[in-house]
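Please look through the sequence and the 3D structure before reading on. The report below then goes through selected features one at a time.

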Amino acid sequence: MIRYVEYITPEEYMALRKMVGWVEFPLEQAQACIDKAYMILGVRDDEKAIGVVRLLWDGGYIAFLSDVIVDPEYQGQGIGRKLVEASIGKLKAGMKPGYKVKLTLNSAIGKEAFYEKFGFRVRPNEDAGPGMDQWLIKEESAMKEFYIDSDGIRLHAKLDRVNENEKGPLCILIHGFTGHMEEDHIIAAQKAMNEAGVSVLRVEMYGHGKSDGQFKDHTLYKWVTNALAAVHYAKELDFVTDLYLCGHSQGGLLTMLIAGMCPDAFKAVIPLSPAWMIPEICRQGSVLGTEFDPLHIPDEVGTADWTLSGDYIRVAQTIHVEDEIARYHGPVLIIHGDEDEAVPYAYGVKAAELYENAKLVTIHGDDHCYTRHLKEMAEAVKEFFAGEQR
Ligand code: FER
């Protein structure tokens, strides 16, 4: 049965536009078309959306009749006429005594006679020139946001591509402990890579940013599983030529572990201020300056600011980073501030010595997140990738 309803969904609206060959647009924009209309009327045959009309009115003198759509299978039954009449009726009902409103529409070619029946005049005519219009189109962003599945855990990801239409290198970029993908130093690294012609896949790990999981429950095993899922995702992308992996701090430790586990996956890896001492200090009974008995790990460890489950420690204690360093023979770029308060600079120096093929860039006078010389860090990243591309 044919019903007239006051609402249709953005998806239905786009499906109707598609059905008659009209331009489609993003659902967010379609939603605005529905929400901001003075009146929207949908037509359903039982539940199926088969028609729509939108009436726009500024409340002053300009009104516009837009999107008179009827599913071709239902045309010739007077549905279009009802939609136009309902729109004119609604507009007249809203006008106060003395109001004058100009109702305009753009007829589809050949539909002029249909609209003339309601009093519309074809333009140009003796007192009005032709109607004019143009489409303004904003390019789609090169950034795409989505989730990567990691054994049922949704990892929030953003892909910033250098060029939508070309193949090229990609770097996976991972934040640190308590961090996320929008931190200044993560964005700075992403932009530097993009400027060097490298697309970037930022991924948030378990319990961080907008990914699934609670911070307290995160462990390095979970992060390893997540990073492997990100690597598998990246390897499936058909535009990717060379793959790189970069991570900051605990993400830098993760980078070192994954490099050892997948030594053939990456053209190079970039641990930024890598917190690769975490497993060792957990074996010794301390984490982030908080002490515990390493042989009798409590259920929880923490301060007023953060809480970790004992499992974080248990897992960390089993990890041996030197083994993974020894398994990776490719190029490594380590960047480290020599006034890092969270991960002593000496660890950056030591890692650079242990790797077969590492370069250390020291950011003099800088801290853990390069808050004093962010540009220098970004420049080092850019230069490294520029060298890689030559
Ligand atoms: C620690 C020292 C530094 C630690 C973490 C960090 C979890 C740094 C983390 C980061 O910024 O990613 O003892 O324990």
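What follows is a short report on a predicted model, arranged by topic.

## Domains

The protein is divided into two parts, with domain 1 covering residues 2–116 and domain 2 covering residues 143–389. When the centres of domain 1 and domain 2 are taken over C-alpha atoms, 52 Å separate them.

## The open sheet

Eight strands form an open sheet with mixed pairing, and their order across the sheet is 6-7-9-8-10-11-16-17. At the edges are strand 6 (143–150) and strand 17 (358–363), each of which pairs on one side only. From one strand to the next, the twist averages 20°.

Within this sheet, strand 8 (residues 168–174) and strand 10 (residues 240–248) run parallel and are joined by six bridges. Cys 171 stands opposite Tyr 244, a residue of strand 10.

## Helices on the sheet

Helix 6 (residues 220–236) packs on the sheet, where it touches strands 6, 7, 8, 9 and 10, and its direction makes about 125° with that of strand 6. Helix 5 (residues 184–195) lies across strand 7 (153–160), strand 8, strand 9 (199–203), strand 10 and strand 11 (268–272), and it runs at about 155° to strand 9.

## Around the ligand

The residues that surround the ligand include Gly 176, Phe 177, Ser 249 and Gln 250, and among them are also Ala 275, Ile 278, Ile 281, Val 287, Leu 288, Ala 342 and Val 343. By residue type, this shell divides into eight nonpolar and three polar residues, with no charged ones.

How values were computed
Residues numbered from 1 in each chain as written. Predicted model: local features only at pLDDT ≥ 70, side-chain atom pairs only at ≥ 80, totals over all residues. Pairing = 2+ DSSP bridges. Helix = DSSP H or I, 4+ residues; strand = E, 2+ residues; numbered from the N terminus. Axes fitted to C-alpha atoms, helices over the stretch in contact; angles between N-to-C directions. Contact = placed C-beta atoms within 7 Å. Domains from an automatic or database assignment. Near = placed C-beta within 6 Å. Nonpolar A, V, L, I, M, F, W, Y, C, P; charged D, E, K, R; others polar.
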